[in-house]
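This report goes through one structure, beginning with a single residue and ending with the chain as a whole. Keep the sequence and the model in view while reading.

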Amino acid sequence: MENREIAVLFEEISNLMKILQDDPKWTFKAAAYDRAKRSIEAYPERLEDIARDPHRQLTDIPGVGADLAKKIAEIIETGQSSYHQERLAKIPRSLLDLLQLQTVGPQKVRLFHKELNVRSVDDLEAAAQAGRLRDLPGMSVKSEENILKAIEVFRRAAGRFHLDTATEAAEVLTAWLHDSKAVEQVTPAGSLRRGCETVGDLDLLVIGRDHASIAEHFVKFPGIAAILAKGEDKVSVKLKNDLQVDVRLLEPSAYGAALQYFTGSKEHNVALRDRAKRRGWKLSEYALFHGDKILARRTEEEIYAKLDLPWIPPELRENLGEIEAAEKGELPKLVELGDIRGDLQMHTTASDGRATIEEMAEAAKQLGYLYILITDHSKAVTIANGLDEKRAVEHIRRIHAARKKVKGIEIWAGSEVDILGDGRLDYPDELLKQFDIVLVSVHSRLTMPAEEMTARLLRAFENPYVRILGHPTGRQILRRDPFTFDLEKVFDAAKKHGVILELNANPERLDLCDRHVRLARDRGMKIIISTDAHDPKHFQFMRYGVSTARRGWMEKSGVLNTLPPEKLLASLRPLPR
Ligand code: DGT
Ligand code: CA
Ligand code: CA
Ligand code: ZN
C-alpha cells in the first residue's frame with residue numbers, strides 16, 4: 001500500500017463528508033482528513049512500514065491522531081476503510097465524477113444533487129443545457145457555461161492518464177517483471193516512449209526465455225484489477241487505477257522491429273511503411289522484408305539504416321517532418337535531461353511549498369544543479385499564502401542568508417508575481433528591483449476574452465523587471481483548457497522584450513505544450529524548463545519537461561537553463577540601470 005493510495009482515500013472521505021454533511025461535526029472532521037491527506041502524501045517514509053514496525057506509531061505523523069491512525073491501520077490491513085464504504089453507500093458512485101470538473105467542488109455537488117437530483121455528469125450536462133443551473137444559489141449564466149465547458153474537457157480526458165502516472169506504473173511493472181529470472185529486458189513503447197503528455201494505455205515489450213512462465217509471473221502483480229487477455233505472446237491487464245497494460249513477449253532476434261512498430265506513432269509508421277513500399281519492401285511488427293527475405297529486424301537502427309535514414313528519436317516520431325529532416329541529415333540534436341544545470345521556479349514554506357529554502361537548495365545540489373531560483377507567490381494568490389510586500393522583503397533577506405549558508409550552489413531570490421487582471425503586476429517596481437529574477441504568471445480571471453488576455457500579457461511585458469513568463473497558457477492537462485489569447489502576438493512581444501517563456505515541467509501542466517515549444521523554436525526563441533517544485537521530490541518532474549521540449553524539437557542551445565550561471569544571467573533581459 002503506497003502513501004498516495006491512503007491519501008486518495010482520505011481525500012474521498014473528506015469530499016463525501018462535505019457532500020453528505022450528515023455528521024454534526026463534518027466541517028471539523030473534513031478539515032482533519034484534508035490536513036492528514038496532505039501530510040501523508042508528503043511523508044518521506046511509507047506508512048505501511050511504520051504500521052508494521054512494533055516500535056513506531058502512526059500518530060507520530062503530523063496531523064494524524066488516534067482516530068485517523070486506526071483508519072490508516074485498517075486501510076493497510078484490508079485495502080479499504082469501512083467508514084469510507086458506509087459514506088459511499090449513501091450516494092450514487094457516479095456523483096463523485098462531478099468533482100473532476102473544473103470549478104465544481106463538494107459544495108456544488110451537494111447543491112446539484114439536493115436541488116436537481118443530479119446523479120452523474122450526464123445529468124448535470126442535461127440540467128445545464130436546460131438552463132436549470134443558473135438560478136441556483138451562487139450560480140449564474142456564466143458559471144453554467146463554464147460547467148458545460150468543463151464537461152467537454154472531462155469527456156476528452158476520459159480514459160487517458162498523466163505522463164507521470166504512466167511512467168511510474170511502467171517503472172514499478174518493469175521492476176516486478178525483472179523479479180522473474182526468465183526476463184531479460186523490458187522496454188516501454190507506445191506513447192510513453194514518445195514522451196506524450198498523456199497516455200491511453202501502456203505497451204511493455206519484454207524479451208525473455210520462457211514466455212509462459214513470464215506471463216504467469218506478470219499476472220500475479222498485486223496492482224492488477226482484471227486480466228483482459230492472456231495468450232502465448234501477449235497479456236493485457238487493467239490496473240487498479242484503471243490503466244490498461246499490454247505486455248508483448250518477444251524473441252530477441254525480432255526485438256527492433258517490434259520496438260519500432262509498437263513505439264508508433266501510427267502516423268510515423270504509416271509514412272515509414274510507405275517508404276519501404278516504394279522500394280518494393282514490406283515493413284511490419286516482425287521485420288523489414290523483401291518478399292520472404294528478412295532485411296532487418298534485430299534493432300531499430302538496422303531498420304532505419306536499411307531505409308537510408310539515421311535512427312529517429314521516439315519523441316519526434318509523429319510524422320511532423322522528422323522523416324524529411326532525417327533524410328536530409330537535419331535532425332535536431334535534442335536537449336537531454338543531463339544538460340540541465342538548474343531550476344528556475346519553485347516554492348517554499350514561505351508560500352505554499354513544503355520545504356525550506358535550505359532544504360530545496362540541498363536537494364538541488366544533490367542533483368548536481370549549479371543554481372536555483374526561489375519563486376514564492378505574490379500577495380494576490382491568497383489561497384497559496386502569497387507574500388505581501390513586507391514578507392517579500394524579509395523573504396529576500398532569508399534567501400540571501402541561505403546563499404551564505406549553503407555552499408556550492410547559487411541561490412537566487414525571485415518571485416512568481418501575479419499578473420493582475422489589467423496587466424499590472426502584483427508588486428510595485430520598488431520591490432521588483434530587489435529580486436534577482438522576476439517571473440510572472442496569470443492565476444486569476446482565466447476566462448476573459450482573448451483580446452483582453454492578449455492585452456493583459458503584453459502590458460505585463462512592458463514592465464522592465466519581467467524576465468520569465470511562467471506556465472504561459474494556464475492549461476491543466478485533462479482538466480482545464482488553455483486560456484485563449486493571440487499566441488503569435490504574445491510570442492512576438494515576448495521575443496521583442498526578451499521575456500523568456502517557461503516550459504513548466506509539472507506533469508499536470510506541461511505548459512508550453514510540445515506544439516507551442518516547436519512554434520517558439522521556429523521563431524528562434526529560447527525557453528526555460530522549470531519544475532515549479534512545491535517539494536524537493538518534485539524536482540523529478542524535470543524529465544517530463546525535457547521530453548516535452550524534445551517533442552518540440554528543442555536543442556540544448558534553445559534551453560537557457562542548460563547554461564552555467566553567469567551565462568544564464570547574461571542571456572536574460574537586461575535590467576534597467
Ligand atoms: P495511446 O496508447 O493512445 O497513448 O497511444 P499509443 O501510440 O501508445 O497507441 P497504441 O497503444 O494504440 O499502439 C501502440 C503503437 O502501436 C502505436 O503507437 C503504433 C502501433 N500501432 C497500433 N495500431 C496500429 C495500426 O493500426 N497501424 C500502425 N501502423 N501502427 C499501429
Ligand atoms: Ca499505448
Ligand atoms: Ca496498446
Ligand atoms: Zn503558478
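Leaving aside residues up to four places away in sequence, Ile-500 touches Arg-467, Ile-468, Leu-469, Lys-526, Ile-527, Ile-528, Leu-560 and Leu-572. The model is a predicted one. Ile-500 belongs to strand S16, which covers residues 500-504. With a relative accessible area of 9%, Ile-500 is buried, because buried means under 20%. Asp-164 is 336 residues away from Ile-500 in sequence, and the C-alpha atoms of the two are 26 Å apart in space.

A second residue to look at is Ser-547, in helix H22 (residues 542-551). Ser-547 touches Leu-163, Gly-195 and Glu-315, again not counting residues up to four places away in sequence. Its relative accessibility is 12%, so Ser-547 counts as buried.

**Metal sites**

The calcium ion (ligand 3) is coordinated by Asp-201, Asp-203 and Asp-246 through OD atoms, with Asp-201 listed twice, at 2.3 to 2.7 Å. Along the chain, the donors of this calcium ion (ligand 3) follow the spacing D-x1-D-x42-D. Asp-201 lies in strand S4 (residues 201-208) and Asp-246 in strand S7 (residues 244-250), so this pair ties together parts that are 45 residues apart in sequence. Another calcium ion (ligand 2) is 3.8 Å from the calcium ion (ligand 3), and Asp-201 coordinates both.

The zinc ion (ligand 4) has Glu-416 (OE), His-443 (NE2) and His-471 (NE2) as its protein donors, at 2.0 to 2.3 Å. Their spacing along the chain is E-x26-H-x27-H. Glu-416 sits in strand S13 (residues 410-418), while His-443 is in the loop between strand S14 (437-441) and helix H19 (450-462); the pair therefore ties together parts that are 27 residues apart in sequence.

Are these donors buried or exposed? The table gives the values for four of them.

| Residue | Relative accessible area | Class |
|---|---|---|
| Asp-201 | 24% | partly exposed |
| Asp-246 | 6% | buried |
| Glu-416 | 1% | buried |
| His-443 | 26% | partly exposed |

In the pair Asp-201 and Asp-246, then, Asp-201 is partly exposed and Asp-246 is buried. In the pair from the zinc site, Glu-416 is buried, whereas His-443 is partly exposed.

**The chain as a whole**

How many helices and strands does the chain have? There are 23 helices and 17 strands. A compact globule of 577 residues would have a radius of gyration near 25 Å, and the chain, at 26 Å, agrees with this. Taken along the principal axes, the box filled by the C-alpha atoms is roughly 75 × 65 × 60 Å.

Buried residues make up 54% of the 577 residues. Among the contacts in the chain with a separation of 6 or more, 68% are between residues 24 or more positions apart. The accessible surface of the chain is about 26,300 Å², and carbon and sulfur atoms account for 50% of that surface. The chain carries 88 positive and 90 negative charges, and the mean positions of these two sets are 2 Å apart.

Note on methods
Residues numbered from 1 in each chain as written. Chains lettered and ligands numbered in written order. Predicted model: local features only at pLDDT ≥ 70, side-chain atom pairs only at ≥ 80, totals over all residues. Heavy atoms only, no water. Helix = DSSP H or I, 4+ residues; strand = E, 2+ residues; numbered from the N terminus. Rg over C-alpha atoms; globule rule 2.2 N^0.38 Å. Buried < 20%, exposed > 50% of the residue type's maximum accessible area, 1.4 Å probe, protein only. Contact = heavy atoms within 4.5 Å. Areas by Shrake-Rupley, 256 points an atom, 1.4 Å probe, with all protein chains shown as cover. Lys, Arg positive; Asp, Glu negative; His and termini not counted. Charge placed at Lys NZ, Arg CZ, Asp CG, Glu CD. Donors = N, O, S within 2.8 Å, 3.2 Å for Na, K, Ca; no water.
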